[in-house]
Structure formats: structure tokens, C-alpha cells
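Visitor: Please take one part of this protein and go through it closely. I would like to know which strands are joined to which, and by which residues.

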Amino acid sequence: MRRATAGRLAVWGFTVGVLGAYAVLARRSWGNGVPVCLPDGPVTAPLASEDTPLVSIVVPARDEARNIRRCVESLLAQDYPNFEVIVVDDGSQDATPQILDQLRRQHPLADRLRVIRVDMLPAGWAGKPHALHIGSLSARGAWLLFTDADTDHAPAALRTSLRHARERQLDFFSLLSQQELPDFWGRVLMPIAMMGVSSMYPAGQVNDPASEVAIANGQYILLRRAVYTALGGYGNPRLRATVLDDRDLAYEVKRAGYRLELVDGRELVQTHMYQGLREHWHGWGKNAYLGSRGGPATFAVMTLGLLGITVVPFALLLAGLVGQRATWAIAGALQVGASVAYRGWLNRGFAIPWRYVWTQPLGGAVFAGILARSAWRKLTGRGSEWRGRTYHV
């Protein structure tokens, strides 16, 4: 009798923990505390020259043949009148150089486009910070826009974001982009990834000047050139080798007392990050451990906690139904209800069909594997892998 009572108490205690975890996740999610940046209407009159400082757009690209044409064409189509596009080809081995050469020769606005080829990565650098550093050295603008090669920009994106940043007197401005998820694994794993990011980096704290929490979306970072220079840019020894270039730059900006803001810009920029399980596995795994807040013990608890709120509720419900154990079935049903409600809300934000709520245990199990592998590679000295390079940081 005592054992049965203790078992029921454990089940209900675990249920309270799962419900509480989803309540905390809902409160910390990106929509809480993030201003929304909607595209400005069409330009109806010429903009005054004093309102249009030169913006240098820097795009690092390594083996981006799948995305680079769309990205560059969308950038050259910006309706803001004063910008330049600098693409840094970071030793690409695919068709990226040929596509860029064709754009330089054939695009009507090719005079705004420059391509810099980097063949060697110097010791002590990670690839993306080095590419951004090289691009920034050639930039002439008073503002810098760092954006990824897998992005697609609405025509009003630059004009809208620059106006927003200047009106709010910001030094550093980052947009959350709309994620394009055409494949099964993207729809399964992206919401799981966002659960983790939003739990560790609540948007309300990111945008609070009094908080030390800082993060940015490297897919779109707009910042004042003077601020970037004052911080030493990516030439700063603390930033050269980072595989978390966006988070660490945001931290340097905030630590120095500059004004930072993370904004919902899903109407302005779209991103197609990864495609297929292999890309998701390696893409999220390259910085999952390094991006966590806390040491190995905290990371282990987070990994087990992910399994606890994504896999265990469904297993408990199934075991209760099959074994005709009412306590398990009721507790499991409550936990699954919380999981489905939260995942359904996330799915709406990502434009993922509702039926994918039932992939929560699959996504949790796979992502727990990604987290475990990321920690194992770091703690055993194997480093982070990405695009044919290994980083030991």
C-alpha cells in the first residue's frame, strides 16, 4: 500500500513539474517582450540624402550554392537608395563562386555588388567571424548589416529596419526571421530548438538594458559602424574563434553599455537554414553545448529535462492506457495536453501544420541526441564540426 501511494505521489509530482515547465516556457517564449517590426509602405517620395546613410551589407558564404542567388538578388532589390553588398566567399568548394561571378557580370545592379574570395582560414579564427571581419574591412558604410547567405529579404527590409533602429536610437538591432521549413525534419526539430533558446535567453531580458542576458539572430544584425569599430569588431580576440558569433557580439555590445534590441521581423526576412536530418543534426550540434548557459551539470539536467517534457508524457499516457492504470493515464493525458497546447502555439508561429504536434516526442528524442553528442564532442576535445572545418573552442 505504501509503495502504491508513493508511486502515485511520484507520478503526480512529475506531472506538476511538466505542467510547470511548459508554463515557464510559454512565459519565456520569443513573443513575450519582442517588439514587432512591420514593413513600411511603398516609397511615395524621394528620401532626403541626410536620411539615407550608406549601409554596407556583408554576407559570409561558404558552400551556399543552394541559397546564394536568392539572397543576393533580394539584397540588390532593396528599395533603400544607399547601400552596397559585399559577399565574402569563404573558400567555397561548390558552385557558389560561379553563381556570384554570374551575378557580378549580368545583374542590372551589379555595380553595388562586390565579391571577396578567402582561400585560407588563419590560425585562431573561426570561419564566419573571419569572413565578417574581412567584409567589414572593405565596408564603407556608417551602418553595417551582417546577414546570412540563406536569407531572403523583402524589398522594404533594409529601409524599415534602419528607420526603426534610428528612431529608437539603437546601436545594435537584430531581427528574428521567418523560418522556411519545407522538409519533415525542419518541422519536427525547429520548435524544439526554439524551446531551448527561449528558455535560456528570454526576449524580455535580452531587451532589458539592466539585464546581462544578450543574444542576437546572426541572420540579420544591423549595427552602427562606430560601435563595431569601438569594440574591435570580430578582430577582438574574444570574438575571433567563436562559433556563436551572433550571441557573443551581442554580449560585447551590451557589456559595453550600448543599446541593443531584438525584434520580430518575420514579415521582413525569411531564412532556409537546414534541409534533411543530417544538416539539422550537424547544424544544431555545432554550438548547442557552447550556447548553453551553465556548465556540464546544467547541460545534463537540460538534456534529461527535454526528454522528461517531450517523451515521457506520451510514454506515460500510452503505458497507462495499455496497462489500464488510471493514474498513469490521467497524469499522462494532462502532460500530453500541456505539450500539445504549447507545441501547437509554436507551430502557428512557424506556419507548421497542426498535426506536427504529435511529433513532439520524436523531436525531443532526436534533439536530446544532438545535445548529448554536442557535449560529448566538446568535453572529449573533438571540437565542433561545420562545413568541413573543426573548431576547438
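Guide: Start at Phe172, whose bridge partner in β8 is Leu223. This is a predicted model, in which local features need a pLDDT of at least 70 and side-chain atom pairs count only at pLDDT 80 or more, while totals for chains, interfaces and linings use all residues. Residues are numbered from 1 along each chain as its sequence is written, and side-chain values use heavy atoms, with hydrogens and water left out.

The pair Phe172 and Leu223 belongs to a connection between two strands. Strand β6, residues 172-176, and β8 run antiparallel and are joined by 3 bridges. A strand here is a DSSP run of E with at least two residues, a helix is a run of H or I with at least four, and both are numbered from the N terminus. Two strands are said to pair if DSSP finds at least two bridges between them. Strands of a sheet pair through backbone hydrogen bonds, in either a parallel or an antiparallel way.

Now look at β8 itself. It covers residues 220-224, and 4 of these 5 residues are buried, so the strand is largely enclosed by the rest of the structure. Buried means under 20% relative accessible area, exposed means over 50%, and partly exposed lies in between (1.4 Å probe, protein chains only).

β8 also pairs with β4, in the antiparallel sense, over 5 bridges. Leu223 appears again here: it stands opposite Leu144. So far, then, Leu223 in β8 has been matched with Phe172 and with Leu144.

From Leu144, the path goes on to β1. Leu144 lies in β4 and stands opposite Ser56. The strands concerned are β1 and β4, the latter made of residues 143-147; they run parallel and are joined by 4 bridges. The direction of pairing is thus antiparallel between β4 and β8, but parallel between β1 and β4.

β1 is worth a longer stop. It spans residues 55-61, and 7 of its 7 residues are buried. How are these residues divided between the two faces of β1? Val55, Ile57, Val59 and Ala61 are on one side, Ser56, Val58 and Pro60 are on the other, and all of them are buried. Ser56, the residue that stands opposite Leu144, is therefore on the side that also holds Val58 and Pro60, as the buried faces of β1 show.

Pro60 leads to the next strand, since its bridge partner in β2 is Val88. β1 and β2, the latter with residues 83-90, run parallel, and 7 bridges join them. Together with helix α2, residues 68-76, these two strands make a right-handed β-α-β unit. Right-handed means that, with the strands pointing away from the viewer, the path from the first strand over the helix to the second runs clockwise.

The strands can now be listed in the order they were met. β6 is joined to β8, β8 pairs with β4, β4 is joined to β1, and β1 is joined to β2.

Elsewhere there is an open sheet of 3 strands, in the order β5-β10-β7, with mixed pairing. Its edge strands are β5, residues 151-153, and β7, residues 178-179, each of which pairs on one side only. β5 pairs with β10, residues 269-271, in the antiparallel sense over 3 bridges. Within that pair of strands, Val269 of β10 is the bridge partner of His153.

Two helices can be added for contrast. Gly127 is in helix α4, residues 127-138, and counts as buried at 2% relative accessibility. Its C-alpha atom is 9.4 Å from that of Gly91, although the two residues are 36 residues apart along the chain. Gln102 is in helix α3, residues 96-106, and counts as partly exposed at 26% relative accessibility. The C-alpha atoms of Gln102 and Thr5, 97 residues apart along the chain, are separated by 72 Å.

Finally, the whole protein, as the setting for this part. It has 14 helices and 12 strands. Its C-alpha trace spans about 80 × 45 × 40 Å along the principal axes. Of its 393 residues, 53% are buried.
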